[in-house]
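Thanks for coming. I have three short items to show, and I will take them one at a time. Please look at the structure first.

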Amino acid sequence: MFSSKEEFKKSFVTRMEQKGMGKTAELAYETLWEMTQEWIQDRWNRTSQLYKDNNEKQLYYFSIEFLIGRVLGQNLINLNFYDTVKEGLDELGLQLSEIEELETEPGLGNGGLGRLAACFVDSLASLGLPGNGYGLRYKGGLFTQHFVNGYQTEQPTQWIQQKHNVDVRREDLVVEVPYYGEVQLVMGMDGLKVKVEKPEWVKAVPYDMPVVGANGGTVNTLRLWQAEVSDRPLPGHKDYAVYEHDTAKITDRLYPDDSLEAGKILRLKQQYFLCSASLQTILNEGSFSIEELPENVAIQINDTHPALAVPELMRLLMDHHALSWDQAWDITTRTISYTNHTILEEAMEKWDSRLIQTLLPRIYMVIEEIDRRFKESLQEQELDDEALHKLSIIENGVIKMAVLAVVGSYKVNGVAKLHTEILKKREMKELSEQFPNKFHNKTNGIAHRRWLLKANHELSGLITDTIGPQWVKEPERLSELHYFSQNHSFLQDFQAIKSLKKEQLIHHLQRNQNVIVDQDSIFDIHIKRFHGYKRQLMNILHIQMLYDRIKRDPTYRPYPRTFFFGGKAAPSYHFAKQVIKMINTVAAKVNNDPLARKHLHVVFVENYNVTQGEYMIPAADVSEQISTASKEASGTGNMKLMMNGALTIGTFDGANVEIFEQVGEENAFVFGMLAEQVMQHEKEKSYNPKSIIDSDPEIAQLMEELIKGEWTEGKTNVDFIVEQLLGDGDPYFVLKDIRSYSKAHEQILNAYAHPEKWAEMCVKNIAASGYFSSDRTIQQYSDDVWHLTKIPSLY
């Protein structure tokens, strides 16, 4: 590292001149990227060597997504070099912010699941814990979202370039993953062995990415696997061109459409590819006897996408390391732990047994035997049919991955207190009763170095000037801001920063979407992946209600609000895509109405990703966390927004419950049914949305307009929405909660009318947000589940 700004400038200019291409932002990016990678490489090498020398237990975090965002600026921050570089570049007539914009964001994730994984690997490195991420290197990412006539369209995300990629190819660590084939029993020296004959092999090539921890002292590894054709001979029936095409698709897109069987097979290929390649490497690289695996390795599977790690580890231990079933099972169930991320029954991953049996015949045999032995262990208990149903791994030709993950792991966690309790008492009640010591809670967290230090440089600077720099290492020290929540000078500084972040978002949107926003309006932000339970539908229906009221009531002229939306719908999720179309259509109507646009503005930020979030979150006044109570496992956007001084409008759901506990309900806007009420309605089937429509004229008018397609450009654009609200009985209680939601918005307007009191509430939210740092979450995992030893920092 450089000891001064002048030293940096000298080296930077020398390198620029050697390239001899003029002083452009592109050349500056190339130069700064190379310098940063050189600084990191030395620390990366030394960290890896330290792990080898200390021979400490290591964590391997398996996740189908890693939504890491741009890395140049974050690495500079974690190296404690961001300010020096920024000041040096300023003096050279270059803007670091403009240089950062030239980096293409990796398309490796979609929403909270992937961003959580990225925050976790950041915290592992920052805490000096030996932890590695394992994922897939999607060439085309999830997709890049564009709107055409208000409809979502999807294009590949082209993030992999010829040079300056964030990862390094490791040809020396290639492994091969088998698909299909015929399972045979072969007599060997030690008795009968299982062998898969004539499989179709796919080469797994690792690309390693450095994960720089705080202060640059520890640099861990995120390993991403890329599928390539193998040099091994193909089975005789397989056409090479088809094989080449099928292989490339394995790591081509995140979440391929699985509405057809071909898509389901591809998803299974992806999941097995991640598990097999990762496990083979872990076993190959270990410098310990295979019997000592649990003492040296912890494997955390992030949701059920990597649940095939359970049977795959069994396969490797038995077929490649000659262990007995009992030995392999003992090792597996002391090595793998599982994080559950869902409460929704329809989201609990299940697979057709036939597909796994065809694609992964040996893995299917192992799953079948796990199921058989587990059911055998239950025979002495007098369990009813419902309990046996909930405890079955395989039932009626379906494999339930969540049950497999629970049975095959030593710890199972939910990601918020409410979520974990619902798992234990309802969704996984029978499993929890069988394994009472497995279930525990680990409330999610976020990397404050990304979401406060980097995303909001101005606010983090104010915090440091006010309470000192210790909060960066110890985020719980943000609680010291409580003492300044009524300090007039501090509140004024906070308000000025909020105004500046709004201005920066406005400029960003002008530049990218040609959108002009009123800086003095309330910035109300709803950024989520699109799903029925996240209730973007309720938000836009409420906006339509506001529009109708403004048009019919000459006395209703509320304070201006800008409603921001951001998020993507899965390509085959027709309901969610219709909600996106509705938002864009209502936006066009509202924004072009001379009267309404004085009070309402709707902005859908195209292609929401980490970079967009870094602009939107610091600018937010209001944080929309409005999921149906009992449906959201945790949420992490709620944490990012409160940490930047936005006030939550939300239900008692997921981590909202803990946010309200930390900050106090008087510093948020709480509405809607409780989880217990929702679950009671579901159990008794006692909710009828028609009764709401019949008893509320305003909602009745809203539904009439919706059904007619008056503000959605035709009935066919809302048929899935109408069917869900009426035909399916409004499963996410949109109409049930919308009146309570509307009243909470009135409370927001009343509170915002008192600027200093509003700012006080915002600062109290920031002061309470330290608990939601992912450093806390990871330390709890390490203490309670993984039992890792901190490695002394290099710097």
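A polar contact here is a pair of N or O atoms within 3.5 Å, and within protein one of them must be able to donate a hydrogen and the other to accept it. Keep in mind that this is a predicted model.

First item, arginine 43. You will find arginine 43 in helix α2, which covers residues 25-54. Which backbone oxygen does the side chain of arginine 43 reach? That of tryptophan 39, at 2.8 Å. Arginine 43 is buried, and it has no salt bridge. The nearest side chain of opposite charge belongs to aspartate 42, at 4.2 Å. A salt bridge needs a side-chain nitrogen of Lys or Arg within 4 Å of a carboxyl oxygen of Asp or Glu.

Second item, helix α11, residues 325-332. Its buried residues include Trp325, Ala328, Ile331 and Thr332. Why do they lie on the same side of α11? Because they cover an arc of only 135 degrees around the axis. In general, an α-helix has 3.6 residues a turn, so residues three or four places apart point the same way. Among the elements covering the buried residues of α11 are α9 (293-296), α10 (309-320), β12 (336-339) and α13 (361-377).

Last item, a sheet. Three strands form an open sheet in the order β13-β15-β14, and the pairing is antiparallel. β13 (350-352) and β14 (394-395) are at the edges with a single partner strand each, so one side of each has no neighbour in the sheet. Between β14 and β15, residues 398-400, there are two bridges. In one pairing, glutamate 395 has valine 398 of β15 as its bridge partner.

Conventions: Residues numbered from 1 in each chain as written. Predicted model: local features only at pLDDT ≥ 70, side-chain atom pairs only at ≥ 80, totals over all residues. Heavy atoms only, no water. Helix = DSSP H or I, 4+ residues; strand = E, 2+ residues; numbered from the N terminus. Buried < 20%, exposed > 50% of the residue type's maximum accessible area, 1.4 Å probe, protein only. Lys, Arg positive; Asp, Glu negative; His and termini not counted. Arc of directions from axis to C-beta. Contact = heavy atoms within 4.5 Å. Pairing = 2+ DSSP bridges.
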